Amino acid sequence: MSIEILLTVGMFGSLIVCIMAGVSLAFALGAIGVISALIMYGPLGLMPIVTGVFNYMWMLLLAAVPLFVFIGVALSKSKIAEDMFDAFYLWSGRLRGGLAVGTCGFAAALAAMTGNCSASTVTTGLVAIPPMRKRNYDEAMIFGSIGSAGTLGILIPPSITLIVIGMMTGQSIGKLFAGGLVAGVGIVILFMIYILIRSWLQPELCPALEESPTLKEKVLALRSIAMPIVIIFSILGSLFFGIATPTEASSVGALAVLLCVIARGECSLKFLRETAHQTASITGMVLWIMFGAAGFVAIYSGGGGIYFIQNMLMELDVNPWLLVFILQGAVLLLGMFLDPMGIILLCLPLFYPVVSGLGFDPIWYGVIFNTALCIGYITPPFGYNLFYLKSLSPSTSMKTIYKSVIPFCGIMIASLLLMMIFPEIVLWLPNNMNFN
Amino acid sequence: MKKILRTIDGVSKWSGETVSYVIYVGILMLVYEVISRYFFQAPTVWAHGYTQRIFGSYFILVGAYTLLLNGHVRVDILYREFPIRIRALFDILNYSLMILWTSVLVKEGITFFLNSWGIRETDEMALAHPIYPIKFILVLGVSLILLQGLSKIAVSCITLIKGEIYEY
């Protein structure tokens with residue numbers, strides 16, 4: 001058995017064992033990097049572990065991570081999101097299943113302001129579960145719509161995962177965002193269509209609203225979406241019109257949220273303090289996974305592992321399309337166990353050179369890679385979002401939550417296949433935009 | 001013992017909370033850069049370099065605070081099912097791997113900093129400002145999380161021996 005196989009099996013095998021034993025991903029990655037370096041090179045080979053950490057500290061693009069986390073935390077602490085839900089609630093009106101459709105739209109709008117899944121899922125759950133329960137919506141409809149629309153938080157721009165994908169591959173973040181926008185919005189629309197069809201076939205799942213709000217009420221409720229529109233526009237507008245880099249766009253968005261909170265009179269020292277503290281602890285989690293992965297990948301790559309896997313994939317005598325399908329399957333599978341950030345850092349250096357070497361469009365690959373991460377994030381039994389759903393309603397059994405997301409997972413997998421077979425679906429927007 | 005543990009927790013809490021406010025400085029600095037470049041055609045020479053310095057320090061310094069709040073997420077499906085002593089064993093495994101990694105980071109980080117200090121290393125931007133202070137902050141950040149890890153593993157060991165969660 002060659003040394004590279006031993007290295008691959010040893011490092012990835014012990015990673016899986018550690019994670020199952022409840023070791024934090026960051027610490028497992030870092031420690032396995034250290035142990036492998038000691039075995040291969042002895043104490044003199046440990047330097048890459050620390051240079052890798054410094055490289056990520058020094059990455060300007062990563063400043064966008066805490067800033068997008070900040071936006072999510074600030075929104076969840078202010079009433080901006082709650083008020084926005086009222087508008088979706090009133091406008092979803094007397095349509096059967098309307099409230100679930102409105103919830104999907106709300107989650108997508110939230111995803112366009114925040115960069116990660118946890119923020120959009122938890123906030124959506126907090127505001128949307130009580131009214132849906134009050135209308136006697138079926139539990140499967142409630143958790144399915146919240147969990148699956150919430151997971152699109154990392155697909156609909158701004159997205160922390162797309163930023164890291166751009167950083168690792170050197171591709172334009174703006175184009176990746178444009179592709180993610182098409183994919184994310186497309187999937188949300190499919191969710192909505194599914195909910196409408198399902199509630200038409202089985203009206204008992206999601207009863208229509210009893211009361212009918214007047215037109216005046218509806219128009220007044222529109223005021224509450226003014227601020228979210230300003231925030232979304234400040235982030236995506238400044239980026240898509242080439243005014244700001246992704247990092248700068250995230251700071252513009254953060255300032256816009258702060259100004260909105262001040263304008264609403266919700267800004268207090270307590271708000272500023274708690275938002276800063278919570279942002280720090282979430283950022284610490286994300287960045288330290290990257291620090292751990294930096295050492296792990298440096299040592300694995302130094303031992304010839306990356307070169308070995310790339311060669312192995314290139315020499316597989318299969319149709320390039322089949323290879324892309326196999327790699328996507330691997331990402332989906334890993335997505336059920338690992339944090340999305342970990343998968344990007346571990347798999348993209350292995351897969352991306354092969355896929356782009358085969359002549360596939362790099363932007364397209366980035367977007368479908370990210371979509372697979374999204375699906376993994378919600379796939380039973382271990383998808384992270386399932387646990388966020390559980391924490392929103394501890395009395396609901398895990399089995400109900402599993403059952404609720406399965407149809408939505410099916411829709412996402414079908415959309416992923418469509419995007420893979422017809423790359424134009426993803427690429428028309430990125431290819432028709434001018435980024436400087 | 002309790003005094004030491006409380007002091008370490010206090011240091012992590014204080015350092016993390018203090019550093020967390022830096023985000024407001026970062027926001028204002030980046031927005032200032034956008035405005036001066038886009039509206040006044042006068043990009044600054046310092047904003048990006050100092051964004052790197054500010055957020056780089058932020059990333060490494062909040063590690064200990066995240067650990068204090070148990071924010072480094074773990075898969076706890078198996079973990080939750082076990083009695084308290086077995087859970088303490090899993091905790092000890094978690095923290096010992098963390099301590100192994102971060103002690104290497106401290107040791108190699110010091111060499112990394114000293115090499116940079118030795119040549120008074122600067123960055124590659126127009127201003128050529130020094131880079132070694134950030135490498136010093138790297139050593140500081142990993143030392144803080146190592147310290148917090150030692151406190152956590154001590155608590156887990158006492159929990160293992162006593163068979164009940166150790167309060168301090």
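**Chat: the A–B contact and its salt bridges**

Trainee: How many salt bridges are there between chain A and chain B?

Mentor: Just one salt bridge is counted between chain A and chain B. Keep in mind that this is a predicted model.

Trainee: Which residues form a salt bridge there, and how far apart are the closest N and O atoms?

Mentor: Arg37(B) pairs with Glu248(A), and their closest N and O atoms are 2.7 Å apart.

Trainee: What about residue pairs in polar contact between chain A and chain B, how many?

Mentor: Eleven, with both residues of each pair at pLDDT 80 or more. On the side of chain A that touches chain B, seven helices each supply at least two residues, among them H1 (3-20), H2 (25-41) and H14 (269-302). H14(A) gives the most, with 15 residues. By type, that side of chain A splits into 44 nonpolar, 13 polar and two charged residues.

Trainee: OK, and the area buried between chain A and chain B? What is it about?

Mentor: About 5300 Å², with carbon and sulfur atoms giving 79% of it. In chain A, Phe27(A), Trp58(A) and Trp288(A) lose the most area to chain B, together 16% of what that side buries. The contact takes 59 residues from chain A and 59 residues from chain B.

Trainee: Back to charges. How many salt bridges over all chains?

Mentor: The count comes to eleven over all chains. In one of them, Glu274(A) meets Lys77(A) at 4.0 Å, N to O. That pair links distant parts of the chain, with Glu274(A) in H14 and Lys77(A) in H4 of chain A, 197 residues apart.

Trainee: Glu274(A), buried or exposed?

Mentor: Neither: Glu274(A) is partly exposed, because its relative accessibility is 31%. Lys77(A) also counts as partly exposed, at 32%. Both belong to a network of salt bridges that links Lys77(A), Lys270(A) and Glu274(A).

Trainee: Switching to chain B, which residue forms a salt bridge with Lys135(B)?

Mentor: Glu121(B), with the closest N and O atoms 2.8 Å apart. Lys135(B) sits in helix H6 (residues 132-162) and Glu121(B) in the loop between H5 (84-118) and H6 of chain B, so the pair ties together parts 14 residues apart in sequence. Lys135(B) is buried, at 6% relative accessibility, whereas Glu121(B) is partly exposed at 23%.

Trainee: And how does the model score, ipTM and pTM?

Mentor: It gets ipTM 0.93 and pTM 0.89. Chain B averages a pLDDT of 88, and 100% of the residues score at least 70.

Definitions and conventions: Residues numbered from 1 in each chain as written. Chains lettered and ligands numbered in written order. Predicted model: local features only at pLDDT ≥ 70, side-chain atom pairs only at ≥ 80, totals over all residues. Heavy atoms only, no water. Contact = heavy atoms within 4.5 Å. Buried area = accessible area lost by both parts, 1.4 Å probe. Salt bridge = Lys/Arg side-chain N within 4 Å of Asp/Glu carboxyl O. Polar contact = N/O pair within 3.5 Å; in protein donor to acceptor, adjacent residues only side chain to side chain. Helix = DSSP H or I, 4+ residues; strand = E, 2+ residues; numbered from the N terminus. Nonpolar A, V, L, I, M, F, W, Y, C, P; charged D, E, K, R; others polar. pLDDT = per-residue confidence, 0-100. Buried < 20%, exposed > 50% of the residue type's maximum accessible area, 1.4 Å probe, protein only.
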